[in-house]
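Visitor: I should like to learn how the features of a model such as this one are read. Could we work through it together?

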Amino acid sequence: MSNVETTRIADLLAGLAKFGATEKGGVTRLGYSEEDRAAQNWLLDQVKDLNLAVREDAVGNLFLRKEGTDPSLPAVAMGSHLDTVIEGGAYDGMVGVVAALEVVRLLEGKELKRALEVIVFRAEESSRFGFATMGSKFMAGKGDVEQFSTAGRKDDISFKEALTKWGCDPAKYKDAIIQKGAYDSFWEIHIEQGKVLEETNTTLGIVHNIAAPTRFKIIVEGLADHSGATPMGFRKDALVSAAKLILAVEEAATAEKENGTVATVGVVDVEPGSINVVPGQVTLWVDLRGVNETSIATALQSIHDAVKDVVDNDKVEVTMQMLTADKPVALSEDLAQLLENVCLEHGMVLDDSILPADGVKFMHMNSGAGHDAMHMADLVPTSMLFVPCRGGISHNPAEHAEVEDIKMGIDIMAEAVFIRANA
Ligand SMILES: [Zn+2]
C-alpha cells in the first residue's frame with residue numbers, strides 16, 4: 001500500500017531522522033540540543049501549510065494550535081517527543097508527533113467545535129540530564145530546574161544552562177504548569193517498544209496502564225578472604241549469597257507474571273573484584289515494575305523474605321536501599337472504550353491471541369515503558385495507542401515500524417479525536 005498519506009508520513013519520519021544521524025545508522029538527538037532545535041524547525045517548515053498557531057512555553061515545550069468554532073471549550077491535545085537516546089532510532093517519539101500533525105491534516109476542512117493542539121514535549125529521554133519526561137513533568141508541576149540540574153552527562157552543560165541556551169528563563173519554569181482540565185483530552189501514538197503486537201500479528205494496542213518502576217539496591221556484605229587459604233566452610237562469599245538473591249528476584253516476578261509484573265537485576269558490582277579474593281561485598285541494582293500495585297508489593301515482599309533467608313543461612317549482612325518507587329498510571333477507560341468502538345467500526349478484530357484472525361487485529365494492553373502521557377494523565381483524560389515495532393527493538397538504530405501500521409493508528413486516532421472535538 002502506498003498513497004499520498006503513507007508517503008508523507010514516511011518522508012516526515014525519514015526527514016527527521018537526518019537530524020543527529022550517526023555513522024551506525026542511528027539517531028543521537030538529545031533534548032534541548034542543536035539537533036533537537038534543527039529537527040523541530042525543519043518539521044515546522046514541513047507543516048507550514050496547515051497554518052497552525054505556534055508557541056513555546058517557559059521550558060520549551062512546543063504547541064501547534066488549530067482553532068475550533070467554540071473558543072470557550074478546552075482543546076483536544078495530541079503529541080509526543082522529538083528527542084532520542086544516544087544511538088537511538090527514528091520512531092520512538094517521532095511517530096507520535098508526526099501522527100498528531102497528520103490527524104490535524106486529516107481533519108482539515110471538517111467543522112470542529114474544539115481547537116486541536118499538537119504538543120512536542122522537550123526531553124522525554126533521560127539520556128542527557130538523567131531525568132525522563134522533563135517537558136511533561138514541568139507541565140504537570142512535577143519539574144524542578146534545580147533538581148534537574150544536579151545530574152546529567154559529565155561532558156555536558158547543566159540543564160539550567162541548556163534551558164537558557166534554548167531561549168528560556170530558568171527562573172520562570174513554573175509558568176509552564178498547566179491546570180487540571182486545561183484540555184478536553186490528550187492522545188499519544190507510540191511504538192510499543194516490546195514484541196507483543198508483532199508476535200500476535202496485531203496492528204494496534206489500546207493502552208490502559210503505564211507501568212512504574214520500583215528501583216532499589218541490595219547490598220550484600222560478606223567477608224573478603226584469600227581464595228586459596230580459606231576453606232569452603234569458613235567463607236562469607238557475598239557473590240554466592242547475591243546469586244541466590246538474583247534468582248529470588250526472578251522467582252518473585254515470575255510468580256506475579258499473570259499480573260504483568262517484571263523484575264530485572266541489571267547491574268552487579270563485586271568488591272574487590274579480584275580472581276584470588278572471595279567477594280566481600282556485592283551490590284545488586286534491581287528494577288521491579290508493573291501496572292498492579294498489589295502485585296508489585298507482593299513481589300517486593302517475596303524479595304524481602306528471600307533476603308531474610310539469605311541473612312539467616314549465609315551469615316552475611318544484607319541491606320536494601322530504595323531508589324524510586326513510582327506509582328503505575330491508569331489511563332482513561334472512557335477514551336480506551338472510544339478507541340475500541342472506533343476500531344470495531346473500522347472493521348478491525350479485537351483479538352489478543354497469537355492465532356491469525358479474519359481481518360486487522362487490535363488488542364488491549366499495558367505499557368512497560370514510561371511516556372509523557374503518564375504526566376498528562378494527571379491533568380486530563382489521556383489515552384495511548386501502540387503500533388508494532390520490528391522485533392520489539394527500540395532505543396537502537398535498528399528500531400523500525402511499518403508506515404501502514406502507523407497510518408492505521410492515525411486513522412483510528414483521527415476518528416476518536418473528531419468525536420471528542422465535537423463533544
Ligand atoms: Zn518515546
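Guide: The discussion below takes up the cores, a sheet, two helices and some backbone details in turn. Please keep in mind throughout that this is a predicted model.

Visitor: Let us begin with the interior. Which residues have the most contacts inside the largest nonpolar core?

Guide: In soluble globular proteins, nonpolar side chains tend to be buried together. Here the largest nonpolar core holds 94 residues, and V95, M413 and V417 have the most contacts inside it. Helix α12, residues 403–421, supplies the largest share of this core, with ten residues.

Visitor: With which residues is M413 in contact, leaving aside its neighbours within four places in sequence?

Guide: With that exclusion, the contacts of M413 are A99, V103, W187, I189 and L385. There is also a second, separate core of 22 residues, which includes V220, A238, V249 and V286.

Visitor: I turn now to the sheet. What is the strand order in the open sheet of four strands?

Guide: The order is β9-β11-β7-β12, and the pairing is antiparallel. The edges are taken by β9 (262–271) and β12 (317–325); each has a single partner strand, so one side of each is left without a neighbour in the sheet. Direction ignored, neighbouring strands are turned by 15° against each other on average.

Visitor: How many bridges join each pair of strands?

Guide: Taking the pairs along the sheet, β9 and β11 are antiparallel over nine bridges, and V262 has R289 in β11 as its bridge partner. Between β7 and β11 there are ten bridges, again in the antiparallel sense; here R215 is partnered by D287 in β11. Finally, eight bridges connect β7 (residues 212–221) with the antiparallel strand β12, where E317 is the bridge partner of E221.

Visitor: Is strand β11 mostly covered or mostly uncovered?

Guide: Strand β11, residues 281–290, is mostly covered, with seven of its ten residues buried.

Visitor: Let us consider a helix. What span should helix α9 have, and how far apart are its end C-alpha atoms?

Guide: A helix can be checked against the rise of 1.5 Å a residue: the 22 residues of α9 (residues 293–314) should span 32 Å, and its end C-alpha atoms are 31 Å apart, which agrees.

Visitor: Which residues of α9 are buried, and which exposed residues lie on the face turned away from them?

Guide: The buried residues of α9 are I296, A299, L300, I303, A306 and V310. They are on the same side of α9, because the arc they cover around the axis is only 115°. The face turned away from that buried side carries T294, Q301, H304, D305, K308, D309 and D312, which are exposed. The cover over the buried residues of α9 includes β7, α8 (238–254), β9, β11 and β12. Just after the helix, K315 takes a positive phi of about 60°.

Visitor: How does helix α10 read by the same steps? Which of its residues are buried?

Guide: Helix α10 (residues 333–345) has 13 residues and reaches 18 Å from its first C-alpha to its last, close to the 18 Å expected at 1.5 Å a residue. Its buried residues are L335, L338, L339, V342 and C343. These cover an arc of only 135° around the axis, which puts them on the same side of α10. On the face turned away from the buried side, E333, D334, Q337 and L344 are exposed. Among the elements covering the buried residues of α10 are β5 (183–191), β6 (204–210), β15 (361–367), β16 (382–387) and α12. Just after α10, G347 has a positive phi of about 80°.

Visitor: Some backbone details remain. Which residues have a positive phi although they are not glycines?

Guide: Besides K315, described above, Y32 and A123 should be noted. Y32 has a phi of about 65° and is found in the loop between α1 (4–16) and α2 (34–46). A123, with a phi of about 45°, is placed in the loop between β4 (116–121) and α4 (134–139).

Visitor: Why does A123 count as buried, and is Y32 buried or exposed?

Guide: A residue is buried if 20 or more other C-beta atoms lie within 10 Å of its own. A123 counts as buried because it has 31 C-beta neighbours inside 10 Å. Y32 is also buried, with 24 other C-beta atoms within 10 Å.

Visitor: Where is there a cis peptide bond?

Guide: The peptide bond from E271 to P272 is cis, with omega near -5°. P272 lies in the loop between β9 and β10 (277–278).

Technical notes:
Residues are numbered from 1 along each chain as its sequence is written. This is a predicted model: local features need pLDDT of at least 70, side-chain atom pairs count only at pLDDT 80 or more; totals for chains, interfaces and linings use all residues. A nonpolar core is a set of buried Ala, Val, Leu, Ile, Met, Phe, Trp, Tyr and Cys residues joined through C-beta atoms within 7 Å. A residue is buried if 20 or more other C-beta atoms lie within 10 Å of its own, exposed if 12 or fewer, and partly exposed in between; C-beta atoms are placed from the backbone. Helices (H or I, at least four residues) and strands (E, at least two) are DSSP runs, numbered from the N terminus. Two residues are in contact if their C-beta atoms, placed from the backbone, lie within 7 Å. The expected span of a helix is 1.5 Å times one less than its number of residues. The arc is that of the directions from the helix axis to the C-beta atoms. Two strands pair if DSSP finds at least two bridges between them. Axes are lines fitted to C-alpha atoms, for helices over the stretch in contact, and angles run from 0 to 180 degrees between N-to-C directions.
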